[in-house]
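The exercises below ask you to read a protein model with care and to justify each step from its geometry. Work through each task before turning to its solution.

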Amino acid sequence: MKAVLMKAGLAALALAATCLAVPAAPAAASDNGLSIRPAMGWSSWSFVRRWPDETKMKAQADALVSSGLADKGYVYVNLDDFYQKCDSNGFMVDDYGRWAVDTAKFPSGIKALADYVHAKGLKFGFYVTPGIAKNAVTANKPIEGTSYHAQDIADTSQTHKNYNCKNMYRLKYSHPGAQAFINSWADQMASWGVDYLKIDGVDASTVADVEAWDKALRQTGRPINFALSNNLPIAQATTWKRLANSWRTQGDVECYCGSGPNGSGYPLTDWAHVVSRFNSAASWQQYAGPGGWNDYDSLQIGNGDQVGLTADQRRSHMTHWAMAASPLLLGTDLTALTSVDLAMLKNDRLIAVNQDGVAAQRVVNSGVNQVWRKREANGDYIVALYNTGTSGNSTVSVTWAQAGFTGPAAVTNLWSGASEGTVASSYSATLRPGETRLIRARPAAAATRYEAENATISQGAAESNHSGFSGTGFVNADNVTGSYVEFTVNAAEAGSRTVTIRYANGTSVNRPMSVAVNGAAVQTRDFPGTGDWDTWADATLTVSLNAGANTVRLTGTTANGGPNVDYLDLS
Ligand code: GCU
């Protein structure tokens, strides 16, 4: 089935290294320059389903603008499947073997629809699946601009996944006509004004098709967001990220439990389909970033409870998509928005959490309780607490250390915008079933980070052979007594400061280090095992500094030397 997608982009914002699992070598994102931030807009699949037409598409585009959603950044109007026409042999095709558009549904054609959408300041999305239609091959249609024909490039022994007219043969990419065919299709879309293309039916067997479409879209010269669907295997995550701007991590969020044909109509989804995205997001988190996003499928908010979610569940739905930096593509009927839901969708604080482009990590997953956290580039921490259960209140708690920092923080409730004042070291909320609490915690003191790999190392080396470090590596001090790493830190004024040392100790034996400030030993500190060398923990200590430059030396006091050291943060 399908669902929506999103877009993505590139650009390497320095996603200020977070304190928890940052991949050692983040997979490269598509360099097509698109989807620097997750796409926002609407897709036809959830509500319009198998019956899109130009009247309905225009009405949704109109509503995107008149509701004020477009002004908030929801600009994509994506036409999903079922704009085509089938006969008993599959898709009907045009003169060059590409899917023919159903002129009963789109009498003015796709270009006219895209023009209409563009005239409203919006962007137009379109839909395809891999391969070539059987009807193109039977009629041996020419490949536009070449002397090749459909029968030269089709492998009629194998078909692709398709959710509509089916009968899509695989392409023989060893033949140059295959790429030329996809190019001609992409050129047609570009000439119509397509800004976003969802390719559905993608799986591990269709990497060559995704590559061909990526190439084809680029050679059009038109910026076209490239979105993959659905239920992409995580084993190929770095491939999807290299080729596309977004990828669906699971099957559809729709429940197919509505009263209409094929389960269309209300309800559009249910809580189980939404909450199943939480586990998916935990696994896929590391692959999200500017240019390429994990797509958790359409946002079913807009039409009140009838979508299949309570108001609490809808806020949790929006919260999770924001935390995960998923595309925000609405699936609902924009011509019948409720005021409660419109307010959710227009909440600037929630949109900002989505558009910060940082995918959150799960730090609590215990029964119905979940807590997710992320650190934004400005040093703020965004924390979401959820009761994912369907009955009974639950008290959900998180310490600031779990969120990734220490010391007091100013807390803002991001759904309401209300300040909750300064909170010392942990936060908890008693939540109704399906309810969420989303907060911003701004540490009272911004930390200055000193990377260990830039510090002075005696008997040891800067290395990068484990994952999750910040900067370019960490220090592995030799396994001898007396090996050390020495930081030079600056204090604006003399006084007591909190220092956070991030370290990994993959053994089960404590690796104490003595801490010396400006040459004077101040304490010996324990650095117990963290589980493995990829798992980092924070150790905080209080030190007294002079104004100006100070040295902080960490020296192993046992024959094992110290732990691996990632950085020192000075509050
Ligand atoms: C392993 C590990 C190193 C670590 C070392 C140690 O070799 O890969 O990163 O520093 O153990 O025991 O100190």
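**Exercise 1.** Determine how the residues of the lining of the second largest pocket divide into nonpolar, polar and charged, and describe the space that this lining encloses.

*Solution.* The model is predicted, and the classes are counted over the lining of its second largest pocket, where eight residues are nonpolar, six are polar and five are charged. As a next step, take the lining as a whole: it comprises 19 residues, and those that lie nearest the centre of the pocket are Tyr-381, Phe-405, Pro-443, Ala-445 and Ala-447. Turning to secondary structure, the elements that contribute two or more residues to this lining are strand 21 (436-443) and strand 32 (564-570). Finally, the space in the second largest pocket comes to about 250 Å³.

**Exercise 2.** Identify the residues that surround the ligand, and find which side chains place a polar atom beside one of the oxygen atoms of the ligand.

*Solution.* Begin with the shell, which consists of His-466, Asn-476, Asn-479, Arg-511, Trp-533 and Asn-564; by class, this shell holds one nonpolar, four polar and one charged residue. Next, examine the separations between polar atoms, for which the cut-off is 3.5 Å. A polar side-chain atom of His-466 is 2.8 Å from an oxygen atom of the ligand, an N or O atom in the side chain of Asn-476 is also 2.8 Å from a ligand oxygen, and for Asn-479 the corresponding separation is 3.0 Å. As a last step, consider the cover: on its own the ligand has 320 Å² of accessible area, of which the protein covers 73%.

**Exercise 3.** Locate the cis peptide bonds that join Ser-229 to Asn-230 and Tyr-266 to Pro-267, and place the positive phi of Arg-49 in its loop.

*Solution.* The background is that most residues other than glycine have a negative phi, and most peptide bonds are trans. Between Ser-229 and Asn-230 the bond is cis, with omega about -20°, and Asn-230 belongs to the loop between strand 10 (225-228) and helix 7 (237-243). Between Tyr-266 and Pro-267 the bond is likewise cis, with omega about -5°, and Pro-267 sits in the loop between strand 11 (246-248) and helix 8 (271-284). Arg-49, although not a glycine, has a positive phi of about 55°, and its loop runs between strand 1 (40-43) and helix 1 (54-66).

**Exercise 4.** Why is the protein chain as compact as a globular protein of its length?

*Solution.* The chain contains 12 helices and 32 strands. Its radius of gyration is 27 Å, which is close to the 25 Å given by the globule rule for 571 residues, and therefore the chain is as compact as a globular protein of that length. Along the principal axes, its C-alpha trace spans about 85 × 50 × 40 Å.

Conventions. Residues numbered from 1 in each chain as written. Predicted model: local features only at pLDDT ≥ 70, side-chain atom pairs only at ≥ 80, totals over all residues. Heavy atoms only, no water. Near = heavy atom within 4 Å. Polar contact = N/O pair within 3.5 Å; in protein donor to acceptor, adjacent residues only side chain to side chain. Areas by Shrake-Rupley, 256 points an atom, 1.4 Å probe, with all protein chains shown as cover. Nonpolar A, V, L, I, M, F, W, Y, C, P; charged D, E, K, R; others polar. 1 Å grid on protein atoms, 1.4 Å probe; cavity = no way out; pocket = protein on both sides within 12 Å on 5 of 7 lines; lining within 4 Å. Points joined across faces, edges and corners; volume = space filled by probe spheres on them. Helix = DSSP H or I, 4+ residues; strand = E, 2+ residues; numbered from the N terminus. Rg over C-alpha atoms; globule rule 2.2 N^0.38 Å.
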